[in-house]
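Me: Please take a close look at one part of this model, the place where the two chains meet, and then follow the description outward into each chain. I would like one connected account rather than a list.

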Amino acid sequence: MNNKDNFFKGIIKENPLFVSLLGMCPSLAVTTSFENALGMTMGVFFVLVLSNLLISLIMNNKKLAEMVKPVRIPVYIVVIATLVTIVEMVMHAFTPALYFSLGVFIPLIVVNCIILGRAEAFASDNKPVASLIDGAGMALGYGLAIMSISIFREFLGKGTLTIWGDLQLNLKFIFDFLKIEPIAMFVQPVGAFLTFGLILAAITAIANNHKNKLAKEVKNNG
Amino acid sequence: MKNNGLVSGLVLLTIGLVCGILLSVVNYFTAPKIKEVEDAIKYAALEEFYTLADYDISEVSGEGDFGTIFIFKEKGTETIDAIVYTVRAQGYSDSTKVEMLIAVNSDLTVQDYKVVSQQETTGFGADIVDNDFNVSVIDDLSGFDSVSGVTKTSNAIKTCFTLVGERIASDLGGGLNE
């Protein structure tokens, strides 16, 4: 697999959220606003890219890998937990509003199955550069997924789109034009499941359509 | 073969130590900024409780579950008008306690209270921290309004009030060492 395919597989073909359905709990909880999703994406990107790189560096050193193998899961957890703690401290210091908004879901990145999954399934068996690219693709795929959910939820639930801090798009005029109120349910937990389900259904429909088209083309050509 | 476990353990210990050193370096740079952020939140809350310009304010470091205690004295006198406590109690999140500021006047009435730090669940515990818990006198929590479904966070907030109630009389009587 070349670097381009390695990067893009995490965004579309093997999207951790929409295809593998991994890391759903924090994804559904933090997507009440676009800003939260963006903050979570940055945190996960930092942790996933660096944990993949560090774990690959450790496991590509034959001598070190032999010694680490029996305790590899604790080693992964120590590395991941360290990176998450760094994210937590930096967020607390420099983006306190985001830190308080994401709350308990920042430390919970440690147990996000995407990160541990990529460490065990990819980084431990591949070269550092490939692992770094895989981490970046997966984190971006995860980020795009949660940001798309948050756009729907925040717009439908509040009629706004909070980009960062005070930078907020007020889209209530659309609701005023339609003479309806924003549907508050979408920023509640039930709205998270509903939005996620609808997006997943749309993606599955598009993927099936694409598959059918390819099958037809093969049939016609064959 | 026998030593493999020991070697692996030592490698794990070494990686742990390296990570620990890295965290202490990051902490060295972020801790002062975090303190600044937390102080800014606390002073913004104090501004909501009282007009700060009207008082001489001194700070005392609390022990145990108490953080900084702010003593408000009438300007130019030694009379304590109010005490604002920074107090912590265990909520739902294991990693961080719920931290509150509770302002109590010298007649034991509760001027105001505010949750200044928490990591409770977004959409659940985190959303009730701005609630009115119906506490007007610090030594009477009989009317305390818990929020159903968010018991642990409610209990943490009640614990904060109880802790303050247990020491306020002694503190107003001069028990605080400034």
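Reply:

**The interface and its surroundings**

Chain B and chain A bury about 2,300 Å² between them, and carbon and sulfur atoms give 76% of that area. On the side of chain B that touches chain A, α1 (4-49) and β5 (110-117) of chain B each supply at least two residues, and α1(B) gives the most, with 17 residues. Sorted by class, that side of chain B holds 13 nonpolar, 11 polar and two charged residues. This is a predicted model, and the description that follows should be read with that in mind. In terms of contacts, 26 residues of chain B meet 30 residues of chain A. The count of salt bridges between chain B and chain A is zero, while two residue pairs are in polar contact between these chains, both at pLDDT 80 or more.

Turning to chain B itself, its secondary structure comes to three helices and five strands, which follow the pattern α-β-β-β-β-β-α-α along the sequence. Of the 178 residues of chain B, 41% count as buried, and among contacts between residues at least 6 apart in sequence, 44% join residues at least 24 apart.

Although salt bridges are absent between chain B and chain A, a search of the whole structure finds 10 over all chains. One of them pairs B:D56 with B:K75, with the closest N and O atoms 3.5 Å apart. Because B:D56 lies in strand β1 (residues 55-61) of chain B and B:K75 in the loop between β2 (66-74) and β3 (80-89) of chain B, this pair ties together parts that are 19 residues apart in sequence. B:D56 is partly exposed, at 33% relative accessibility, and B:K75 is also partly exposed, at 47%. Another salt bridge joins the side chains of B:K73 and B:E78 at 3.1 Å, N to O; here B:K73 is buried, with a relative accessible area of 8%, whereas B:E78 is exposed, at 64%. In helix α3 (residues 151-175) of chain B, B:R167 and B:D171 are four residues apart and so are separated by about one helical turn. Their closest N and O atoms are 2.7 Å apart in a salt bridge, and B:D171 is buried, at 2% relative accessibility.

In chain A, salt bridges that share partners join A:K9, A:R118 and A:D134 into one network. Within this network, A:D134 belongs to helix α8 of chain A and is buried, with a relative accessible area of 0%. The side chain of A:D134 also makes a polar contact with the side chain of A:N52, at 3.1 Å. Leaving aside residues up to four places away in sequence, A:D134 touches A:N6, A:K9, A:N52, A:R118 and A:F122.

The helix that carries A:D134 can be checked for its span: at 1.5 Å a residue, the 31 residues of α8 (residues 128-158) of chain A should span 45 Å, and the end C-alpha atoms are 43 Å apart, which agrees. Just after α8(A), A:G159 takes a positive phi of about 80 degrees. Positive phi values also occur in residues other than glycine, including A:L21, with phi near 55 degrees. A:L21 sits in the loop between α1 (3-9) and α2 (24-30) of chain A and is partly exposed, at 39% relative accessibility.

Key:
Residues are numbered from 1 along each chain as its sequence is written. Chains are lettered from A and ligands numbered from 1 in the order in which they are written. This is a predicted model: local features need pLDDT of at least 70, side-chain atom pairs count only at pLDDT 80 or more; totals for chains, interfaces and linings use all residues. Side-chain values use heavy atoms; hydrogens and water are left out. The expected span of a helix is 1.5 Å times one less than its number of residues. Buried means under 20% relative accessible area, exposed over 50%, partly exposed in between (1.4 Å probe, protein chains only). A polar contact is a pair of N or O atoms within 3.5 Å; within protein, one must be able to donate a hydrogen and the other to accept it, and residues adjacent in sequence count only if both atoms are side-chain atoms. Contact means heavy atoms within 4.5 Å. Buried area is the accessible area (1.4 Å probe) that two parts lose on being put together, summed over both. A salt bridge is a side-chain nitrogen of Lys or Arg within 4 Å of a carboxyl oxygen of Asp or Glu. Ala, Val, Leu, Ile, Met, Phe, Trp, Tyr, Cys and Pro count as nonpolar, Asp, Glu, Lys and Arg as charged, and the others, Gly among them, as polar.
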